[in-house]
Amino acid sequence: MGSIKDIIRNFWAPILCALAGLVFLCAAIGARSYMRDLDNVADATESYLAARLSSLDRVIEKAMAPDTTGWLQLERLRDDEVVYKYVFDTLQSWSNQFIVVNDNIQSPYFTYQRLSRPEYGLQSPLATIGDKWEFRNIGPDWYAVKSVTDGINRVIAGLQICSVGADGQISEINPALHLPEFYSIRQLTGYTGTEVSVDDEPLFLIINSSPDTTHLFANSRLRWIGLALIVLSMILYVPRRRKLVPWLVISVNFLVFFFLARYWGSQMSDSARMFSPSVYAGGSVWSSFGDLMLLNILLIIEFVALYLIREPLHEWAVSDVTKDKRRCWT
């Protein structure tokens with residue numbers, strides 16, 4: 001064994017990556033107490049939401065231009081934003097779309113009955129949107145919506161907040177809100193949680209969807225970065241010490257980290273599309289696209305490590321000790 005100075009000189013890159021990874025993991029653990037405070041989570045969500053709605057307010061001002069003939073031209077409108085422009089109650093143009101059966105806002109209190117299911121009407125949910133931001137269920141999604149009119153032009157804008165799953169519960173929160181894991185969004189009535197407000201008006205609630213959870217890492221981004229840095233430190237270590245025993249130990253660690261990453265991914269199945277079975281499901285083993293990607297990353301890393309120790313592996317395979325063991329087995 002060399003001195004500490006020699007070890008640092010020869011292994012400074014793996015040591016640096018490993019220390020950085022530990023720092024990120026410790027930061028994720030430290031964020032746990034903060035993220036478990038519902039008020040802190042609601043305040044952070046409120047700030048992200050206010051920034052997006054402020055941007056959408058500027059889009060509404062641009063869409064309220066007096067041009068009644070040209071198509072609505074809105075650059076840089078995000079996929080989770082929807083803008084409809086009406087002229088004299090007639091839909092003139094739009095950017096993105098609400099998933100609704102009826103977008104007619106001429107008669108907000110007139111209900112079209114469905115002959116097949118008369119208990120459901122076709123009243124447009126867009127007809128009663130007010131001039132302040134509110135939380136509305138429009139089709140399969142929940143939006144923060146607002147309507148602005150000058151008597152001739154009317155602009156209805158919405159920011160998608162979340163979607164409704166097959167079980168009727170709110171799921172797939174908009175990533176732009178940066179809502180941590182184990183938290184969800186609910187309407188103001190019927191639930192207990194912390195209010196998220198816009199312009200001093202409550203919009204929806206933040207609730208802890210798993211109040212009894214004892215998860216160690218609260219911040220998924222920090223823990224993924226920490227894990228990646230530790231894995232990188234092991235990859236950098238292999239070519240500096242091309243021995244069989246270190247390679248075997250590191251290979252076992254790769255497997256442990258692989259199953260740990262799969263477990264973390266399963267915790268994110270409701271908030272991350274990559275780990276959602278609704279996007280990709282290859283069976284009971286690879287239940288998401290993220291699982292498949294993790295397997296491919298593991299195989300690539302293992303093959304790279306195996307390639308780096310090919311010479312000592314070959315020497316071990318043709319050594320006399322190995323030949324003697326083969327004779328004993330035969």
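The chain exposes about 19,500 Å² of surface, and carbon and sulfur atoms supply 59% of that area. These values come from a predicted model, so a word on confidence is welcome before going further. The mean pLDDT of the chain is 78, with 77% of the residues reaching 70 or more. Confidence also varies from element to element: β4 has the highest mean pLDDT, 94, while helix α8 (residues 320–329) has the lowest, 53. Where pLDDT is low, the predicted coordinates should not be read in detail.

As for the overall fold, eight helices and nine strands make up the list of elements in the chain. Of its 330 residues, 38% count as buried. Sequence separation gives another view of the packing: among contacts between residues at least 6 apart in sequence, 52% join residues at least 24 apart.

The interior is a good place to look next. In soluble globular proteins, nonpolar side chains tend to be buried together. Here the largest nonpolar core has 33 residues, and those with the most contacts inside it are Leu49, Val83, Ile161, Ile185, Phe204 and Ile206. At least two residues of this core are supplied by each of α3 (38–63), β4 (141–149), β5 (153–164), β7 (183–186), β8 (194–198) and β9 (201–208). Helix α3 contributes the largest share, eight residues. Leu49 offers a convenient point from which to explore this core: with neighbours within four places in sequence left aside, Leu49 is in contact with Leu159, Ile161, Leu177, Val196, Val198, Leu203 and Phe204. Another core, of 21 residues, lies apart from the largest one and includes Ile250, Ala261, Leu294 and Ala305.

Nonpolar side chains can also be found on the outside of the model. Ile15, Leu19 and Leu22 form a nonpolar surface patch, with about 260 Å² of accessible area together. Within this patch, Leu19 belongs to helix α2, which covers residues 12–35.

A loop residue completes the picture. Asn102 is found in the loop between β2 (90–95) and β3 (134–138). Is Asn102 buried or exposed? Asn102 counts as buried because its relative accessible area is 14%, below the 20% cut-off. Along the chain, Asn102 and Leu126 are 24 residues apart, and their C-alpha atoms are separated by 8.6 Å.

Conventions:
Residues numbered from 1 in each chain as written. Predicted model: local features only at pLDDT ≥ 70, side-chain atom pairs only at ≥ 80, totals over all residues. Heavy atoms only, no water. Patch = residues over 30% accessible without salt bridge, like charges linked within 9 Å, V, L, I, M, F, W, Y side chains within 5 Å. Areas by Shrake-Rupley, 256 points an atom, 1.4 Å probe, with all protein chains shown as cover. Salt bridge = Lys/Arg side-chain N within 4 Å of Asp/Glu carboxyl O. Helix = DSSP H or I, 4+ residues; strand = E, 2+ residues; numbered from the N terminus. Buried < 20%, exposed > 50% of the residue type's maximum accessible area, 1.4 Å probe, protein only. Core = buried A, V, L, I, M, F, W, Y, C linked by side-chain atoms within 4.5 Å. Contact = heavy atoms within 4.5 Å. pLDDT = per-residue confidence, 0-100.
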